[in-house]
Amino acid sequence: MIQTELSAPLDFLLQHHVEEITAPAGTIIASPGDICQNLIVLLEGQVRIYRPAEDGRSITLYNVGKGESCTLTASCILNTTAFPAIAKVEKDAKGFVISAKQVQKWLKTEPIWQNYMFSLLSQRIVALISLVDALAFQNLDVRLAYWLLDHSQSQSIINTTHQRIADDLASSREVISRLLKEFEVNGCLNLARGYVELINREKLSHLTLM
C-alpha cells in the first residue's frame, strides 16, 4: 500500500461535500463487469484489489489503505468502462464516497483533487510495474521472501494464512506451504496456525538478493 495521508485542504473538501460510508471485512465492493458509480477514499481499513483466474487462483494487483483510493475505479469512471477486477474489504473500512459525476467535475475544477488523483495514479503505476517485473523475472521463493519482509515491517509476527500469501503471489497454497516449510527448516521463520513468526530477517533478506 502507498499509505497516503490526506492533506488538510483535501480533507476539508471531502468532509463538506460528500458522505461517509462503512463496510465490514468480507464485503465485495466491486466485481468484474460492474459499472463504477462511486469512488471511495479510505479513512480506515484495507481493500484488496485482485484478479481471479479460471483455475481458482488469483493475483493481488494492489491493496488500498488509509488515505488512498482505487485507481482502477477512477479509470473506469473516466473512461466509462466496466471494472476488471474484484474489490474486497480485508479490514473493516470507512471512507468518503464520491459519485462518478463529482469525480469528473472535481478533476476539471479542483486543483487539490487533481493533484491527489494524479499523484496516486503515478505511484500506483510504479507499483504495478514492480509487480510485473517480479512475476516475470523473480523466482517464487524470492518473491515470497520479499512478501514476508514487506508485511512484517518492524514486527516479527504476520497474521496471515498460506492461502492469502498464495493469492497475493499468484501461486497455489500447496506450493507456498512447501516453500514456507523450507524457510522454517533453514531457520528463517516459525510456522503456526494463522500466523508466521520471522526469527531471522537477515537470512530472508539474503534470499531477496539471489
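## The end of helix α7

In this predicted model, helix α7 is followed by G187, a residue whose phi is positive, near 85°. The helix itself covers residues 173-185, which makes 13 residues, and the distance from its first C-alpha to its last is 18 Å, close to the 18 Å expected at 1.5 Å a residue.

## The two sides of helix α7

Along α7, the residues I176, S177, L179, L180 and F183 are buried. Seen down the axis of the helix, the buried residues of α7 fall within an arc of 165°, so they line one face. The face turned away from this buried side carries E174 and V185, both of which are exposed.

What lies over the buried residues of α7 includes three helices, α5 (140-152), α6 (162-168) and α8 (201-207), together with the strand β7 (189-192).

## Two nonpolar cores

The largest nonpolar core of the model holds 35 residues, and the members that touch the most others are L14, I49, F83 and W113. Two or more residues of this core are given by each of the helices α1 (8-17), α2 (71-79), α3 (100-109) and α4 (111-137), and likewise by each of the strands β3 (38-52), β4 (58-64) and β5 (86-99). The largest share, 6 residues, comes from β3.

I49 gives a view of how this core is packed: leaving aside its neighbours within four places in sequence, I49 is in contact with I59, T60, L61, Y62, V64, C70, L72, F83, A85, I86 and A87. A second core, separate from the one around I49, has 20 residues, and these include A145, I158, I176 and L180. Two of the residues just named, I176 and L180, also appear among the buried residues of α7.

## Helix α4

Helix α4 has 27 residues and reaches 39 Å from its first C-alpha to its last, which is close to the 39 Å expected at 1.5 Å a residue. The buried residues in α4 are W113, Q114, Y116, M117, L120, R124, L131 and A134, and W113 is also one of the residues that touch the most other members of the largest core.

## How the two domains meet

The domain assignment of the chain gives domain 1 as residues 6-128 and domain 2 as residues 138-208. Taken over C-alpha atoms, the centres of domain 1 and domain 2 are separated by 28 Å.

Where the domains meet, 8 residues of domain 1 are in contact with 7 residues of domain 2. Between them, domain 1 and domain 2 bury about 580 Å², and 33% of this area is on carbon and sulfur atoms.

Conventions:
Residues numbered from 1 in each chain as written. Predicted model: local features only at pLDDT ≥ 70, side-chain atom pairs only at ≥ 80, totals over all residues. Heavy atoms only, no water. Helix = DSSP H or I, 4+ residues; strand = E, 2+ residues; numbered from the N terminus. Expected span 1.5 Å × (residues − 1). Buried < 20%, exposed > 50% of the residue type's maximum accessible area, 1.4 Å probe, protein only. Arc of directions from axis to C-beta. Contact = heavy atoms within 4.5 Å. Core = buried A, V, L, I, M, F, W, Y, C linked by side-chain atoms within 4.5 Å. Domains from an automatic or database assignment. Buried area = accessible area lost by both parts, 1.4 Å probe.
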